[in-house]
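Me: Please give me a close look at one part of this model. I would like one connected account, with the cut-offs stated.

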Amino acid sequence: MRNLSFCKLKWDKKYLIAFSVTLICAIISGIVLYIFANINIYFENYAHDYVYFVFNFKNGNLIFPHLLSETIIIYIIFSVCYFTKFKYLTLIIFFIRGIYFTVYTAILIELNTFGGITVAVFVFIPTSFCSLFFGILIAESCKIINKKYIFVIPVVLAVVNTLLFLILINIVFRLIIVIV
């Protein structure tokens, strides 16, 4: 188990503070953009389709895009942190991710009322926060992981996030629907 040991991991407090400030600014910017911008029809269609697929448990239409987007984003963060010394450039990626997270959450809540709120609270928000955590984890730990496994770890984190997504839809959300 020494190959994947995170005992040497020392969290960079300045980076975590910068990430927190970036995420707060992204959330505020996303809310302001949502209020003042004319929301595109594609965003609205995506929100309606997302709620429809979650409520009807049609996972096949949601799994592949989720896995692909997670893999791409985690590999971008990994590439910036592993191949350069500019770890703080990943804050741009986190800012853009935070804006989209906020806008999609606002669209889910406004357009789909109770169903959108339920999907956002029990599926979309936990999966997005898990994705942000995995991004920070790969940014902080990419230099200390064994060189044999380092290029596989982003895919593993994307698969773990997708499995969490499936668990939230198929187990937690079904329990909520059964209880209500």
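Reply: Contact here means heavy atoms within 4.5 Å. This is a predicted model, in which local features need pLDDT of at least 70 and side-chain atom pairs count only at pLDDT 80 or more, while totals for chains, interfaces and linings use all residues. Residues are numbered from 1 along each chain as its sequence is written, and side-chain values use heavy atoms, with hydrogens and water left out.

The part chosen is helix α6, residues 153–179. Helices are DSSP runs (H or I, at least four residues), numbered from the N terminus. The expected span of a helix is 1.5 Å times one less than its number of residues. For the 27 residues of α6 that gives 39 Å, and its end C-alpha atoms are 37 Å apart, which agrees. There is a bend of about 35° at leucine 168 in α6, the bend being the angle between axes fitted to the seven residues ending there and the seven starting there.

Buried means under 20% relative accessible area, with exposed over 50% and partly exposed in between (1.4 Å probe, protein chains only). The buried residues of α6 include Leu157, Ala158, Asn161, Phe165 and Ile169. Leucine 168, where α6 bends, is also one of the buried residues. The buried residues of α6 pack against α2 (41–55), α3 (60–83) and α5 (113–141).

Threonine 162 lies in α6 and is buried, with a relative accessible area of 5%. Leaving aside its neighbours within four places in sequence, threonine 162 is in contact with Ile63, His66 and Leu67. These three belong to the α3 side of the pairing with α6, where α3 also contributes Leu62, Glu70, Thr71, Ile74, Tyr75 and Phe78. On the α6 side, the residues that meet α3 include Pro154, Val155, Val159, Thr162 and Leu166.

Two packed helices are described by the angle between their axes and the distance between the axes. For α3 and α6 the angle is about 145° and the axes are 8 Å apart. Axes are lines fitted to C-alpha atoms, for helices over the stretch in contact, and angles run from 0 to 180 degrees between N-to-C directions. The crossing of α3 and α6 is right-handed; a crossing is right-handed if the near helix is turned clockwise from the far one by less than a right angle, and left-handed if anticlockwise.

As for α2, Ala47, Tyr50, Val51, Phe53 and Val54 are buried in that helix. What covers the buried residues of α2 includes α6, along with α3, α4 (90–111) and α5.

Terms used:
Helix = DSSP H or I, 4+ residues; strand = E, 2+ residues; numbered from the N terminus.
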